[in-house]
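Open the model in your viewer and keep the selection tool at hand, since this tour moves from one selection to the next.

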Amino acid sequence: MPQSAERRWCFADQLGPHFLDSEDQPVLLIEARAVFGRRRFHRLKAHLVLSALRHRAAELGEQAIFLQTHTYREGLEQVSGRVSVCQPTSRVADNFVRSLPSVDVLPARGFATDRETFERWTQSQRGLLLEQFYRDARRRFDLLMDGKEPTENRWNFDAENREPPPKAGRLNVVGPWLPDEDEIDEQVRADLDKWERDGDVSFVGRDGPREFAVNRAESQRALEHFIEYRLTQFGPTEDAMLAGDRWMSHSGLSAPMNLGLLDPLECAYAAEDAYRKGSAPLASVEGYVRQLIGWRDYIWHTYWHHGDEYRNRNALAAHQPLPQWFTELDADALEARCLKDVLAQVRDHGWVHHIPRLMVLSNYALQRGWQPAAVTDWFHRSFVDGYDWVMVGNVVGMSQHADGGLIATKPYASGGAYINRMSDYCGDCRYKPTRRVGDDGCPFTGGYWTFLARNHDRLKGNHRMSQPLAGLTRLSNLDEVIAQQQELGDGPP
Ligand code: SF4
């Protein structure tokens with residue numbers, strides 16, 4: 001059995017105090033450069049991960065052995081004695097640490113619900129419905145509960161949390177907490193420049209100021225700022241998009257949380273406290289708590305529960321490769337205003353909130369029949385908060401419907417009308433969301449009907465799709481719509 005004084009190996013997404021058994025436990029940190037050479041990550045993601053790891057090493061001082069090596073194996077060879085590690089967050093890393101005789105693998109940390117509890121819960125269910133899992137978690141953690149009943153007798157405020165954006169073009173809310181860079185960031189930037197110059201690594205996206213917390217103190221400040229100034233407005237407009245307000249009222253805390261710097265339960269309880277003190281409305285607090293102990297945990301557990309084969313599911317037989325303008329984040333090649341703006345944000349910031357991810361980027365990929373595994377890889381590499389466990393369920397299950405409906409009961413496909421209702425993009429776009437064909441035919445609207453036509457037989461057994469599929473038969477110019485979309489092909493819209 002591992003002793004608590006055993007040196008704890010922490011990966012770069014296990015950097016918070018809750019990954020240690022005691023404040024003075026010896027730590028091993030390995031910065032393995034080969035990780036960045038294997039795939040083309042966003043430059044800002046590489047910066048964030050390296051900055052976080054180096055900040056943790058500086059903070060721990062002599063308590064940590066910090067090794068900068070080519071591979072993890074090389075690093076481990078320099079350490080004598082046994083080490084323990086909390087279960088890593090990817091299947092590849094999990095298999096690797098379990099193959100090492102000198103490493104003890106402990107249960108995962110950094111999530112609210114543990115694996116055993118999740119698996120026990122699955123045995124009491126017929127389907128794995130998020131809503132049921134979330135309610136179970138609310139009860140277990142006594143979050144937003146009054147005795148055995150949910151606070152104000154409501155589990156769900158989705159109806160209130162779906163408002164379109166305000167006409168003003170910006171939310172009237174204090175901006176997010178943003179960090180100041182320090183000398184560690186300066187060194188990271190210099191190293192990444194050198195690695196790129198030497199040809200060791202190649203990145204996508206543009207460099208820019210660091211925008212997310214990389215250590216515990218910064219993460220706590222970012223959390224406090226969100227709870228105090230921004231949580232109130234989070235709920236109502238969480239599904240809306242504004243061209244001139246990329247943060248809206250989103251927390252920006254997914255990056256530090258996925259680095260292991262914040263525990264989801266501490267964030268959930270902090271949000272609940274704000275409600276109990278009367279400083280944030282229940283609808284917003286519930287919407288935020290749902291993301292933390294509901295969706296985030298659900299995606300984590302289904303990653304392991306559904307097995308390794310899950311990532312390769314392709315229920316809608318989507319086999320198109322991702323076009324180069326997309327993989328290279330070439331937003332300047334586009335005219336479709338929503339996609340152009342969102343892709344530019346990914347290029348410049350490595351982050352957009354969950355609705356542009358789902359209803360613009362993923363929606364376009366779904367309509368075009370791009371390979372789900374390639375879309376998953378793209379999101380993993382291009383987002384500062386993207387990790388394998390995050391993206392497999394979110395992309396294969398939620399956004400591409402490639403699992404045939406295990407995670408989402410119907411495909412998240414929508415035309416320009418949805419984007420028009422939930423954003424201010426369409427007004428200044430050269431396309432019209434109501435037009436299916438012609439020079440001003442919206443690629444999302446034409447793409448939506450083409451998607452339905454292509455997948456009619458695969459989706460006809462899904463009762464939630466009967467209405468959209470019935471709409472197809474009423475379309476007088478379906479052939480024309482499909483022909484125009486075929487002509488567009490994988491070119492930039
Ligand atoms: Fe996007 Fe179509 Fe609206 Fe243009 S008209 S912004 S392409 S949804």
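Before the first selection, it helps to know that the domain bounds used here come from an automatic or database domain assignment. Keep in mind, too, that this is a predicted model.

Begin by colouring the protein chain by domain, selecting domain 1 (3–106), domain 2, which is made of the two stretches 115–179 + 214–305, and domain 3 (309–488). With domain 1 and domain 2 on screen, place a marker at the centre of each, taken over C-alpha atoms, and you will find that 28 Å separate the two. Where these domains meet, the contact takes 20 residues from domain 1 and 13 residues from domain 2. The size of an interface is often given as the accessible area lost when the parts come together. Between domain 1 and domain 2 the buried area is about 1,400 Å², and carbon and sulfur atoms give 62% of this area.

Next, select Val35, Arg38, Tyr72, Ser90 and Ala93, which, among the 34 residues lining the second largest pocket, lie nearest its centre. Show β2 (27–32), α1 (34–38), α2 (43–60), α3 (72–77), α4 (91–98) and α16 (388–399) as ribbons, as these are the elements that each give two or more residues to the lining of this pocket. Which element gives the largest share of the lining of the second largest pocket? That element is α2, with five residues. The volume of the second largest pocket is about 850 Å³, and its lining draws at least three residues from each of domain 1 and domain 3. Coloured by type, the lining divides into 19 nonpolar, six polar and nine charged residues.

Finally, select the ligand and display the residues that surround it, including Ala336, Cys338, Gly416, Tyr425, Lys432 and Pro443. In this shell, 10 residues are nonpolar, one is polar and one is charged.

How values were computed: Residues numbered from 1 in each chain as written. Predicted model: local features only at pLDDT ≥ 70, side-chain atom pairs only at ≥ 80, totals over all residues. Heavy atoms only, no water. Near = heavy atom within 4 Å. Nonpolar A, V, L, I, M, F, W, Y, C, P; charged D, E, K, R; others polar. 1 Å grid on protein atoms, 1.4 Å probe; cavity = no way out; pocket = protein on both sides within 12 Å on 5 of 7 lines; lining within 4 Å. Points joined across faces, edges and corners; volume = space filled by probe spheres on them. Helix = DSSP H or I, 4+ residues; strand = E, 2+ residues; numbered from the N terminus. Contact = heavy atoms within 4.5 Å. Buried area = accessible area lost by both parts, 1.4 Å probe.
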